[in-house]
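Student: Could you take me through one part of this model closely, namely the salt bridges and how open to solvent their partners are? I would also like to see the sheet set beside them.

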Amino acid sequence: MEKQNLPVVVVGAGPVGLAAAAHLVERGIEPLVLEAGASAATAVRDWAHVRLFSPWAEVTDPAAEKLLAPTGWLRPDGATYPTGGDWAERYLQPLADVLGDQVRYGATVTGVARAGRDRIVDSGREEQPFTVHIETADGGEERIAARAVIDASGTWSVPGPMGANGIPALGEKSASDHVAYRVPDLKDPAVRARYAGKRTAVVGSGASAFTALALLADLAGEEADTHAVWILRRGLGDATYGGGEADQLPARGALGLRARAAVEQGHANAVTGFRTEAVERDGDRLVLVAEDGRRLDAVDEAVVLTGFRPDLTFLSELRLGLDERLQAPTALAPLIDPNVHSCGTVYPHGVRELSHPEQDVYLVGMKSYGRAPTFLAMTGYEQVRSVTAALAGDHEAAERVELTLPETGVCGGAGLFDEPDAARSDEGGGCCAAPATLQIGIGTPASPGGC
């Protein structure tokens, strides 16, 4: 079969993977979406109880909406905020259903390569199709030929560890019966019982940690002796809680305010500059030990929310160009680097920034951001619009990257954990003074501010 007649394989039936399939269909290109789970949006369903901080208007893709329209589907009120469960059931699964046989479930991608070529071989490489190796739900193995590969598998499967150096702390693995790496669903009776009346360490400083602190604070108001210990690797300052009322994503700003309230009301106490080196057992409880020798009072549980990282193992035979720090595409990394950017200064990026030395393979969505935490769904939708235009040969459309993003109101870069307020302007300007929206197009950003 001619390479151009083969499908484009999309890895992952999540928000961005399904959007990629919708754009491919719109372009007359056959997609084949491979999803390891038994339904669409398996990862999203794992956090079904968590509410997004982006409203419906910002989490649906235009090409997907066109594909859904003939079925009578109507987008929910664009100003309301879905939970992960809402997103999966009211948008993502219907979209997968419309795609029909172009989505395969129970198909775990275990390897991607050029047919007959390992990563060393140059001869005839670009003329060869891709071969995608999968393992099926019944343990079988298959190989699928593809003209291109769009990896939208996300980062959910590889959460960051408690250890401050990026490696699990000593004893962290053996303490796994008391360590969770997801925001707990306290509406589940079994999960609620795990944390009610208990002392829980929450490790992390992002929106997920804010959510966990807020939920545990609510639980503390109902269940005596429930308390959270918030473990921060950086110092504590106004910027720690995000943009608050200045955040142009109001739901995210509200999360930071709820986290602040949890501390101020005594439901949680913050431990700053604590970089976990070891986890020791004290009977059924855990003692966290820092690199500087500090030891915390024992906790019953630990919730570790230190971000995620991409699984690159099944791409090892492809020639990827990845930044050595973020594990994001080389050209994209400086535009999203959380050591510099954390307040909405998202520069234009599309197929050009997402390309690799290996032609026709693209990492998109959360996976394209590597370890950077500042991804928004609408960014991913714009990525796949650009990538699919390039695959269709419409290079003008591929290069025309247009996107309006909300200013986040968050100023402290992740690299500033020793000086939490270092990124704040003494005159009230700087990145928090940027306009409410930042118009993205070819060239430099329209904002006079920015990080």
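Tutor: A residue is called buried when its relative accessible area is under 20% and exposed when that area is over 50%, with partly exposed in between. By that rule Arg325, at 44% relative accessibility, counts as partly exposed, and all that follows refers to a predicted model.

The side chain of Arg325 meets that of Asp337 in a salt bridge, with 2.9 Å from N to O. The two residues are 12 apart in the chain, Arg325 lying in the loop between strand 14 and helix 8 (333-336), and Asp337 in the loop between helix 8 and helix 9 (351-354). Asp337, however, has a relative accessibility of 5% and so counts as buried, because the cut-off for that class is under 20%.

This pair is one part of a longer list, for the structure holds 23 salt bridges. In general, side chains of opposite charge can pair when their charged atoms come close. Among the salt bridges is the one between Lys66 and Glu26, whose side chains meet at 3.4 Å, N to O. That contact links distant parts of the chain, 40 residues apart, with Lys66 in helix 3 (residues 62-68) and Glu26 in helix 1 (residues 15-26). Lys66 is exposed, with a relative accessible area of 57%, whereas Glu26, at 44%, counts as partly exposed.

Another of them joins Arg27 to Asp394, where the closest N and O atoms are 3.0 Å apart. Here 367 residues separate the partners, since Arg27 belongs to the loop between helix 1 and strand 2 (31-34), and Asp394 to the loop between helix 10 (377-391) and helix 11 (395-399). Arg27 has a relative accessible area of 33% and is partly exposed, and Asp394, at 26% relative accessibility, is likewise counted as partly exposed. Salt bridges also link Arg114, Arg125 and Glu358 in a network.

Strand 14, which comes before the loop that holds Arg325, brings us to the sheet. Five strands form an open sheet in the order 8-14-9-10-11, and their pairing is parallel. Strand 8 (179-180) and strand 11 (268-271) stand at the edges with a single partner strand each, so one side of each is left without a neighbour in the sheet. Strand 14 (residues 301-304) runs parallel to strand 9 (residues 199-203), and 4 bridges join the two. Within that pairing, Val202 stands opposite Val303 of strand 14.

Technical notes: Residues numbered from 1 in each chain as written. Predicted model: local features only at pLDDT ≥ 70, side-chain atom pairs only at ≥ 80, totals over all residues. Heavy atoms only, no water. Pairing = 2+ DSSP bridges. Salt bridge = Lys/Arg side-chain N within 4 Å of Asp/Glu carboxyl O. Buried < 20%, exposed > 50% of the residue type's maximum accessible area, 1.4 Å probe, protein only.
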